[in-house]
Amino acid sequence: MLEDPEKPKEIWTDYVWADTEAQAMQKCQMKAEEATVEGKTVVKLIGKPKKVGQGKRYECRFEGEIYDA
């Protein structure tokens, strides 16, 4: 799948629950891969997941082409 530089980009946030930052990174990468397959456009994880609060919740930021339904 190739990225189309002409298509507008969209940035969004999703969350995962993990014990460590490394595990959160892995789960966020899996979400990006799933979104790439489902949307048939390239979705990338932006930066590292950020821990939210005191629990095990991490915020993932993604960038991808706006999906044409």
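User: Is cysteine 28 buried or exposed?

Analyst: Happy to start there; this is a predicted model, in which local features need pLDDT of at least 70, side-chain atom pairs count only at pLDDT 80 or more, and totals for chains, interfaces and linings use all residues. Residues are numbered from 1 along each chain as its sequence is written, and side-chain values use heavy atoms, with hydrogens and water left out. Burial is judged by relative accessible area: under 20% is buried, over 50% is exposed and anything in between is partly exposed (1.4 Å probe, protein chains only). Cysteine 28 has a relative accessible area of 0%, so the residue is buried.

User: Which residue forms a disulfide with cysteine 28?

Analyst: A disulfide here is a pair of cysteine sulfur atoms within 2.5 Å, and the structure holds 1. The sulfur atom of cysteine 28 lies 1.7 Å from that of its partner, cysteine 60.

User: How many residues apart are cysteine 28 and cysteine 60?

Analyst: Elements are DSSP runs numbered from the N terminus: helices (H or I, at least four residues) and strands (E, at least two). Cysteine 28 is in helix H1 and cysteine 60 in strand S3, so this disulfide links distant parts of the chain, and the two are 32 residues apart.

User: What is the handedness of the disulfide of cysteine 28 and cysteine 60?

Analyst: The torsion about the S-S bond gives the clue, at about -50°. The disulfide is therefore left-handed.

User: How many salt bridges does a search of the whole structure find?

Analyst: The criterion is a side-chain nitrogen of Lys or Arg within 4 Å of a carboxyl oxygen of Asp or Glu. Among the hits is lysine 31 with aspartate 14, at 3.0 Å from N to O. The whole search finds 4.

User: Why does the pair of lysine 31 and aspartate 14 tie together parts that are apart in sequence?

Analyst: Lysine 31 is partly exposed at 27%, and aspartate 14 is partly exposed at 29%. Because lysine 31 lies in helix H1 (residues 21-39) and aspartate 14 in strand S1 (residues 9-17), the parts they tie together are apart in sequence by 17 residues.

User: Which residue forms a salt bridge with glutamate 21?

Analyst: Glutamate 21 is partly exposed, at 40% relative accessibility. The closest N and O atoms of this salt bridge are 3.9 Å apart, and the partner is lysine 48.

User: Which residue lies over the face of tyrosine 15?

Analyst: A charge sits over a ring if NZ of Lys or CZ of Arg is within 6 Å of the ring centre and within 35 degrees of the ring normal. At 4.0 Å from the ring centre of tyrosine 15, the residue is arginine 57.
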